[in-house]
Amino acid sequence: MAKKKSAKPIIIILICLVVLAAAWIGISLGLYGIYFGRRFETNAFNMNHVENFEGLERTRYEFTSDKGQTIVGYMYSSSEYHKGIIILAHGYGAGGHNSYMPSINYFAQNGYYVFAYDATGNDESGGKGIGGVPQGVIDLNYAINFVENSGDFPDLPIGLFGHSWGGYSVSNVLTYHPEIEAVIECSGPNSSSDLVEGGGTKVIGPVVKVLMPVIKIYERTRYGEYATNSALDGFASTEAEIMVVHSSDDNIVPIEYGYDIYYEVYKDDPRFTFIRLEGKGHNMFLNVKNNAELYESFVEFYDENLI
């Protein structure tokens with residue numbers, strides 16, 4: 001009589017697989033929570049103050065985003081004549097829009113209102129943390145709705161300016177706001193997962209690719225179509241003029257995660273202006289004084305396309 005085979009090895013293997021799967025999920029969501037489950041405040045030492053920019057004025061506004069959290073924004077101005085409104089979406093990790101004050105001042109000095117806000121979980125806005133990458137698109141969607149529909153702002157053409165996380169946001173949000181007329185996207189990735197993978201590779205190396213399936217499922221569950229929408233989807237949804245700016249040595253959002261993707265699809269499209277920088281990294285070109293010609297091209301772009 002044949003011996004009955006024991007089920008114990010199979011059970012042990014199944015238990016090991018369950019443990020490994022639980023660890024895989026736990027590590028993936030744990031790391032995501034570390035980066036996006038907390039607040040970011042501007043360092044007091046690096047804080048910009050409106051009084052340090054001659055002629056710059058601002059008015060404070062509040063509006064609510066998707067979960068009822070309060071978003072604080074300011075309308076900046078330094079001119080009596082205004083050609084349009086630029087809505088600025090800031091990047092990730094250094095607090096809200098405060099570090100972009102030199103850029104804001106430059107646009108304001110050149111005849112534009114600039115509406116800049118702190119995204120969920122940053123500086124003056126509510127939220128225990130950012131929550132996730134797609135939250136940037138959601139907050140920008142609500143910011144545009146506020147500027148367009150609150151009745152607090154003049155009826156002027158609207159352009160967008162975004163850097164890094166903000167660059168991802170201003171591109172993606174075009175799916176929901178095809179009426180936007182001109183967009184400058186700086187150092188942003190095509191999708192939420194690209195931002196996580198690009199930044200994660202710098203921190204933990206190629207192992208981040210193993211975590212991405214869990215993170216993608218988590219974001220899709222939490223944010224729905226906001227998590228799967230891409231910059232390419234946004235570009236295809238609008239007739240807006242687009243300027244894409246990226247430095248080849250960007251090690252935070254590598255150029256192949258954004259600029260290269262867009263260039264491959266739109267290099268022959270007259271709606272698109274591509275500026276490939278060299279040696280500017282991820283943040284250096286935001287120094288307005290050291291990049292005068294670049295900022296002149298930004299204003300020229302808005303002047304030509306915000307009609």
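# Pockets, helices and cores in a predicted model

Colleague: How do the residues of the lining of the second largest pocket divide into nonpolar, polar and charged?

Modeller: This is a predicted model, and its second largest pocket has a volume of about 250 Å³. Among the residues that line this pocket are Asn52, Phe53, Ser99, Pro102, Asn105 and Lys289. By class, the lining divides into five nonpolar residues, five polar residues and one charged residue.

Colleague: Which helix supplies the largest share of the lining of the largest pocket?

Modeller: The largest pocket holds about 770 Å³ of space, and of the 36 residues that line it, Tyr35, Tyr92, Gly93, Ser164 and Ile252 lie nearest its centre. Its lining is made up of 18 nonpolar, 16 polar and two charged residues. Helix 1 (8-36), helix 5 (192-204) and helix 6 (208-223) each supply at least two of the lining residues, and the largest share, seven residues, comes from helix 5.

Colleague: Where does the largest share of the lining of the largest cavity come from?

Modeller: The structure holds one cavity of 30 Å³ or more, and the volume of the largest cavity is about 40 Å³. Its lining consists of Ala89, His90, Tyr117, Ala119, Gly136, Trp165, Gly166 and Ser169, which by class gives four nonpolar, four polar and no charged residues. Three of the lining residues, the largest share, come from helix 4 (residues 165-172).

Colleague: Is Ser187 buried or exposed?

Modeller: Ser187 has its place in the loop between strand 6 (182-186) and helix 5. Leaving aside neighbours within four places in sequence, Ser187 is in contact with His163, Ser164, Val245, His246, Asp250, Val253, His282 and Phe285. Because its relative accessibility is 0%, Ser187 counts as buried.

Colleague: Why is helix 2 (residues 101-109) largely enclosed by the rest of the structure?

Modeller: The residues of helix 2 that are buried are Met101, Ser103, Ile104, Asn105, Tyr106, Phe107 and Ala108. Their cover includes strand 2 (70-77), strand 3 (84-89), strand 4 (112-117), strand 5 (158-163) and helix 10 (292-305). Helix 2 is largely enclosed because, of its nine residues, the number buried is seven.

Colleague: Which residue with a positive phi follows helix 2?

Modeller: Helix 2 covers residues 101-109. The phi of the residue that follows this helix is positive, near 95°, and that residue is Gly111.

Colleague: How far apart are the end C-alpha atoms of helix 10?

Modeller: Helix 10 helps to cover the buried residues of helix 2, and its own buried residues include Leu294, Tyr295, Phe298 and Tyr302. At 1.5 Å a residue, the 14 residues of helix 10 should span 20 Å, which agrees with the distance between its end C-alpha atoms, 20 Å.

Colleague: Which helix gives the most to the largest nonpolar core?

Modeller: In soluble globular proteins, nonpolar side chains tend to be buried together. The largest nonpolar core here has 55 residues, and those with the most contacts inside it are Ile85, Ile87, Phe115, Tyr117 and Leu160. With seven residues, the helix that gives the most to this core is helix 3 (residues 135-149).

Colleague: How many residues are in the second, separate core?

Modeller: Leu160, one of the residues with the most contacts inside the largest core, is in contact with residues including Ile87, Ile144, Val170, Leu174 and Tyr302. Separate from that core is a second one, which includes Leu56, Tyr74, Leu88 and Phe298 and has 35 residues.

Note on methods: Residues numbered from 1 in each chain as written. Predicted model: local features only at pLDDT ≥ 70, side-chain atom pairs only at ≥ 80, totals over all residues. Heavy atoms only, no water. Buried < 20%, exposed > 50% of the residue type's maximum accessible area, 1.4 Å probe, protein only. Helix = DSSP H or I, 4+ residues; strand = E, 2+ residues; numbered from the N terminus. Contact = heavy atoms within 4.5 Å. 1 Å grid on protein atoms, 1.4 Å probe; cavity = no way out; pocket = protein on both sides within 12 Å on 5 of 7 lines; lining within 4 Å. Points joined across faces, edges and corners; volume = space filled by probe spheres on them. Nonpolar A, V, L, I, M, F, W, Y, C, P; charged D, E, K, R; others polar. Expected span 1.5 Å × (residues − 1). Core = buried A, V, L, I, M, F, W, Y, C linked by side-chain atoms within 4.5 Å.
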